[in-house]
Amino acid sequence: MTRETEAARAEAVRDRYRSTLGAVPGGVQERLRLAGEFGRLPTEEALAALRHIVLTDGPLGPRVQQLVHFGQLLALGRAGPARIHARGALRAGADVAELIGVAETALITAGVPAYALGTEIIAELLPEEGHGPSAAG
């Protein structure tokens, strides 16, 4: 395989992440670098294809699938990936109230640390003021 062909194939993998998340996570960039250096690009292509099927072609649809990912990652305490999927959920049409609902569910299933992580991530996604219902009514 030529270097140009390999670069194009790696870029196609990156495009799959951009289509669902709007960006290529740093961990994916590192995996692609290693895959390229050690001739393991087919593994990353297969992973990206499976991920695409689950996130975009599954029965839950992209919005719900991103919300599920967000909740599962909160329960696992995986802050970085949870941030990525919270943004992915918003990109797929979820709203902040749905993210809050997921964080509240994580409170029940995984405890206060998961809920606290969720609310921290959600707060980071919001502008400083004027984003929620007014306390004054």
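Which residues touch the most other members in the largest nonpolar core? Keep that in mind while you get your bearings.

**Before you click**

You're looking at a predicted model, where local features need pLDDT of at least 70, side-chain atom pairs count only at pLDDT 80 or more, and totals for chains, interfaces and linings use all residues. Residues are numbered from 1 along each chain as its sequence is written, and side-chain values use heavy atoms, with hydrogens and water left out.

**Stop 1: the whole chain**

Show the chain as a cartoon. You'll find seven helices and zero strands. Both kinds of element are DSSP runs numbered from the N terminus: helices are H or I with at least four residues, strands are E with at least two. The C-alpha trace spans about 65 × 30 × 30 Å along its principal axes. Of the chain's 137 residues, 31% count as buried. Buried means under 20% relative accessible area, exposed means over 50%, and partly exposed is in between (1.4 Å probe, protein chains only).

Now think about contacts, meaning heavy atoms within 4.5 Å. Take those between residues at least 6 apart in sequence: 59% of them join residues at least 24 apart.

**Stop 2: the largest core**

Back to the opening question. Select Leu67, Phe70, Leu74, Ala82, Leu99, Ile121 and Ile122: of the 17 residues in the largest nonpolar core, these touch the most other members. Four helices give two or more residues to this core: α4 (61-76), α5 (79-91), α6 (96-110) and α7 (112-125). A nonpolar core, by the way, is a set of buried Ala, Val, Leu, Ile, Met, Phe, Trp, Tyr and Cys residues joined through side-chain atoms within 4.5 Å.

Zoom in on Ala82. Ignoring its neighbours within four places in sequence, Ala82 is in contact with Phe70, Leu73, Leu74 and Ile121. There's also a second, separate core of nine residues, and Ala10, Val13, Val24 and Leu41 are among them.

**Stop 3: two helix pairs**

Two packed helices are described by the angle between their axes and the distance between the axes. Here the axes are lines fitted to C-alpha atoms, for helices over the stretch in contact, and angles run from 0 to 180 degrees between N-to-C directions.

Select α4 and α5. Their axes are 8 Å apart and the packing angle is about 160 degrees. On the α4 side, the contact is made by Gln66, Leu67, His69, Phe70, Leu73 and Leu74; on the α5 side, by Pro81, Ala82, His85, Ala86, Gly88 and Ala89. So α4 and α5 count as roughly antiparallel. The cut-offs are under 35 degrees for roughly parallel, over 145 for roughly antiparallel, 65 to 115 for roughly perpendicular, and oblique for the rest.

Next, add α3. The axes of α3 and α4 come within 7 Å and cross at roughly 110 degrees, which makes α3 roughly perpendicular to α4. Look for Val54, Leu55 and Thr56 in α3, which meet Gly61, Pro62, Gln65, Gln66 and His69 in α4.

**Stop 4: charged pairs**

Side chains of opposite charge can pair when their charged atoms come close. A salt bridge is a side-chain nitrogen of Lys or Arg within 4 Å of a carboxyl oxygen of Asp or Glu, and by this rule the count comes to ten.

Start with Arg9 and Glu45, whose closest N and O atoms are 2.5 Å apart. Arg9 is in α1 (residues 3-21) and Glu45 in α3 (residues 41-56), so this salt bridge ties together parts that are 36 residues apart in sequence. Arg9 is partly exposed at 25% relative accessibility, and Glu45 is partly exposed at 24%.

Is Arg14 buried or exposed? Arg14 counts as buried, at 17% relative accessibility. Its salt-bridge partner Glu11 has its closest O atom 3.4 Å from the N atom of Arg14. Both lie in α1, three residues apart, about one turn of the helix. Add Asp15 and Arg18 to your selection: together with Glu11 and Arg14 they are linked in a network of salt bridges.

**Last stop: Gly22**

Finish in the loop between α1 and α2, where you'll find Gly22. Gly22 is partly exposed, at 42% relative accessibility. Leaving out residues up to four places away in sequence, Gly22 touches Tyr17 and Arg91. Try the distance tool from Gly22 to Ala35: they are 13 residues apart in sequence and 22 Å apart in space, C-alpha to C-alpha.
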